[in-house]
Amino acid sequence: MMRCGSFVKKFGARFIKGDKTAYLSNPFGRVYDALGPLHADKSFLRKINRTMPIYDNKKLRNVIGRGNYDAFIVGSDQVWRQAYTPDIETFFLGFMDAFDSRKRIAFSASFGTETCDIPEENLNKCRELISRFDAISVRELSGLNILKKDFDIDNAVQTIDPTLLLNPQDYFDIINPKDRLSGKYIASYILDDTPDKETILDDVCNRLKSPAEKLSCKYTGKPMPTVSQWLATIADSEFVVTDSFHGCVFSIIFHKPFIAIANAYRGLDRFSSLLKPLGLSDRLVTDFDDFHSRIDTLLKGIDYSKVTPQLEISRKQSLDFLRSVLD
């Protein structure tokens, strides 16, 4: 029932209000189950300390009431984007009682786009909820502007995506040796297929004389890649072609040359906020014509000796923020 209500709400936003960012998903489609038969990584997930599955705020209140929790952190990827969240107030910790004195922290929270898409009927409540936070950091520079303009908050800071807090070896330690790939190939991680993207991938493969190894996040009736397999595919690749924010992130972590194909539907500002501070804005292409006009430069390697120092500065600043607010 909750999924049907969410579908109706987003249908109205997209086709009545004209909000093209409102994401529609089949309310009767398969529900993703992390421990279900299509997920091949049960052993990895069982290592994570998790609560029971929670589907409403009433159960959430019961869980946090029984648990010995000192702080609650919300973050990061597009958690404050109304189009992606059926109950936006929950992501402002609306399930906590007003008198609850435990710490409330936003870490690298993301609105996903350059403007806030939370409608006025929800925005007033979200303003009230965010005023109870002890500390706020956002992932994109535009998030700071949104907080100031729409929430009257000017003491937030910018921090990096949590996946960037770890170094490459931390991820290599997760990869099972049997999942390592050999030979030359181009890793492709495309979330939203288009003819332009397929043409770009084909052109890269032809010019580098390597086949494509495609990663997918879509249900195909087959088990999804494990965390180890996904990481290994990026880590062992010669080159990466992606329209995914985290496809870019892990290309950077593993020091891979890559092309990021602009994905405005999922939030273009996420890409620019990631790439610009690291001096990698030129890795972003808007379409095939843009790619073709810069192809020689795009197919060259990346000098990570210039990227890594800046990433280390951002990593330290972000970790210092976490330590200070959790102390």
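Which element gives the largest share of the lining of the second largest pocket? That share, 5 residues, comes from helix α10, and α10 also packs on the open sheet described below, touching β8 and β9. The model is predicted, and its single chain of 327 residues, of which 48% are buried, holds 13 helices and 9 strands. Among the contacts in the chain with a separation of 6 or more, 69% are between residues 24 or more positions apart.

**The second largest pocket**

- The second largest pocket encloses about 400 Å³ of space, and 21 residues line it, with R139, Q158, S273, L274 and P277 lying nearest its centre.
- Two or more residues of this lining come from each of the helices α10, which spans 268–275, and α13, which spans 304–326.
- By residue type, the lining of the second largest pocket divides into 8 nonpolar, 7 polar and 6 charged residues.

**The open sheet and its edges**

- An open sheet is formed by 5 strands, which follow one another in the order β6-β5-β7-β8-β9 with parallel pairing.
- Strands β6 (212–215) and β9 (284–285) stand at the edges of this sheet, and each has a single partner strand, so one side of each is left without a neighbour in the sheet.
- The direction of α10, the helix that packs on the sheet, makes about 150 degrees with the direction of β8.

**Pairing from strand to strand**

- Strand β5, made of residues 186–189, runs parallel to β7 and is joined to it by 4 bridges, and in this pair Y189 of β5 stands opposite T242 in β7.
- Strands β7 and β8 are likewise paired in the parallel sense, here over 3 bridges, with V241 standing opposite I259 in β8.
- Strand β8, which covers residues 258–261, pairs with β9 in the parallel sense over 2 bridges, and I261 stands opposite V285 in β9.

**Two covered faces of β7**

- In a regular strand, the side chains alternate between the two faces of the sheet.
- Strand β7, residues 239–242, is covered on both faces, since F239 and V241 on one side are buried and V240 and T242 on the other side are buried as well.
- Two of these buried residues also appear in the pairing described above, T242 as the residue opposite Y189 and V241 as the residue opposite I259 in β8.

Methods
Residues are numbered from 1 along each chain as its sequence is written. This is a predicted model: local features need pLDDT of at least 70, side-chain atom pairs count only at pLDDT 80 or more; totals for chains, interfaces and linings use all residues. Side-chain values use heavy atoms; hydrogens and water are left out. On a 1 Å grid over the protein atoms alone, a cavity is a set of points where a 1.4 Å probe fits but cannot get out, and a pocket is an open set with protein on both sides within 12 Å along at least five of seven lines; lining residues have an atom within 4 Å of a point. Grid points are joined across faces, edges and corners, and a volume is the space filled by probe spheres set on the points. Ala, Val, Leu, Ile, Met, Phe, Trp, Tyr, Cys and Pro count as nonpolar, Asp, Glu, Lys and Arg as charged, and the others, Gly among them, as polar. Two strands pair if DSSP finds at least two bridges between them. Contact means heavy atoms within 4.5 Å. Axes are lines fitted to C-alpha atoms, for helices over the stretch in contact, and angles run from 0 to 180 degrees between N-to-C directions. Buried means under 20% relative accessible area, exposed over 50%, partly exposed in between (1.4 Å probe, protein chains only).
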